[in-house]
Amino acid sequence: MKPILPGSAIGVLGSGQLGRMFAIAARRMGYRVHTLSPDQDTPTGQVADLEINAAYEDLDAIAKFASAVSVVTFEFENVPANTAAAAERCAPVRPAGHILHTTQHRLREKTFLANAGLPLTPFRRVTSLDDLAKAASEIGLPAILKTADFGYDGKGQHRIAGTADFPAAWKTVAQSESVLEAFVDFEREISVVAARGADGSFIHYGVIENQHRDGILRVSLAPARVPNSVSHAAFDITRTVLETLGVVGVLCVEFFVTKDGRLLINELAPRPHNSGHFTFDASVTSQFEQQLRAVCGLPLGSPAQLSPAAMINLLGDQWTKGEPNWVAATAIPNVKLHLYGKLAPRPGRKMGHLTALAANVEQALTDANLAFKAL
Ligand code: AMP
């Protein structure tokens, strides 16, 4: 494939913070960025050369958008399959539409992983209350019922402790196609952010340790505090996922580490990932620049991490008592503040993040927490 060179325009479907940080990386390397989403004055649009306001279902707008750029990528994987297909008729789409199709639907994703012989928690398809009872009797309780489609940040999920919870769980998933998965009593959660180039080259950013609350990522530590055997198993699985899917771009694999040291895949994200935000400040090549290099057919950059790092997400909840105290938070010199330019700070909404760099992850976490508390 002929490389797409600086000066070319890159199309980003979706307009959130991932697109914003991608656009910053792309503009730094002299590319132009066009973004399309149904919203205006968006995190990506504020940084892009061109912000197009259209529905993902408006296939004429998608075709026009894709015709004006050299390659289309996305920061939002829940775009409908025919949107990706419409873009693919006008420009290369990387990662390819079939990867979106697999990873935007929990059942398809889990079926793909199971067929590839990769480890995951037992699951069953559920399409009715009767199915739910049957699935629960097969995989056991506690379990979690999740919508098959369009779930993120713990939305559309219900934890089931006993049979009395079935009706409420079925209501949470809006009585639609769902997946019941066995509850994992994990020791910790980790992720691996990796990239695959157009030439098949592969890099990863090491193992990242993640702490979630209410289904939303709160803290990431890099490197994770796990034994080498766990890291190597996680890298092998991640590489298999990228190669089997034929990813050209960045993909994140989220894992549970069980109390007896086994890895189970929780889910895949075929794009830069929240847990990889530390790479913006701590790595030779950020996950966003890596995505750019991969989709443009350039050689991948070094993923080497220059310093241990801790990242804390800033959610809209932080604004309940008014504007956070940015001066106090920036008073800690090894902590970097990122804000996404979102206009409305709603509870649970990702508004920005803090990344602390220090001699070890414990110190980085202490410093990130100091800045966070000073907000
Ligand atoms: P998800 O949106 O599916 O990644 O879920 C968000 C978070 O909910 C995960 O990162 C876990 O902290 C928790 N979670 C999801 N599925 C399970 C499970 N099967 N067992 C235990 N915790 C889970």
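A polar contact is taken here as a pair of N or O atoms within 3.5 Å; within protein, one atom must be able to donate a hydrogen and the other to accept it. One such pair involves T103 in this predicted model. The backbone oxygen of I99 lies 2.9 Å from a polar atom of the T103 side chain. T103 belongs to helix α4, which spans residues 97-103. The relative accessible area of T103 is 8%. T103 therefore counts as buried, since the cut-off is under 20%.

The domain assignment divides the protein chain into three parts. Domain 1 covers residues 9-93, domain 2 covers 122-182 and domain 3 covers 186-374. The centres of domain 1 and domain 2, taken over C-alpha atoms, are 34 Å apart.

The ligand was examined next. A shell of 16 residues surrounds the ligand. K146, E181, V184, E189 and E267 are the closest of these. Domain 2 and domain 3 each contribute at least three residues to the shell. By class, the shell holds six nonpolar, five polar and five charged residues.

Three side chains place an N or O atom at short listed distances from ligand oxygen atoms. For E189, the separation is 2.6 Å. For K146, an N or O atom of the side chain lies 2.7 Å from a ligand oxygen. For Q157, the corresponding value is 3.0 Å. The ligand on its own has 480 Å² of accessible area, and the protein covers 93% of it. Four strands give two or more residues each to the shell. These are β6 (143-147), β8 (178-182), β9 (186-196) and β13 (263-269).

Nonpolar packing was considered last. The largest nonpolar core contains 30 residues. Within this core, I190, V241, F255 and L268 have the most contacts. Six elements each supply at least two core residues. The helices among them are α5 (106-115) and α8 (228-245). The strands are β9, β10 (202-213), β12 (249-258) and β13. Helix α8 gives the most, with seven residues. Strands β9 and β13 thus appear in both settings: each gives two or more residues to the ligand shell, and each supplies at least two residues of the core.

Terms used. Residues are numbered from 1 along each chain as its sequence is written. This is a predicted model: local features need pLDDT of at least 70, side-chain atom pairs count only at pLDDT 80 or more; totals for chains, interfaces and linings use all residues. Side-chain values use heavy atoms; hydrogens and water are left out. A residue is near a molecule or strand if one of its heavy atoms lies within 4 Å of it. Accessible areas come from the Shrake-Rupley method with a 1.4 Å probe; for residues, only the protein chains shown count as cover. Ala, Val, Leu, Ile, Met, Phe, Trp, Tyr, Cys and Pro count as nonpolar, Asp, Glu, Lys and Arg as charged, and the others, Gly among them, as polar. Domain bounds come from an automatic or database domain assignment. A nonpolar core is a set of buried Ala, Val, Leu, Ile, Met, Phe, Trp, Tyr and Cys residues joined through side-chain atoms within 4.5 Å. Buried means under 20% relative accessible area, exposed over 50%, partly exposed in between (1.4 Å probe, protein chains only).
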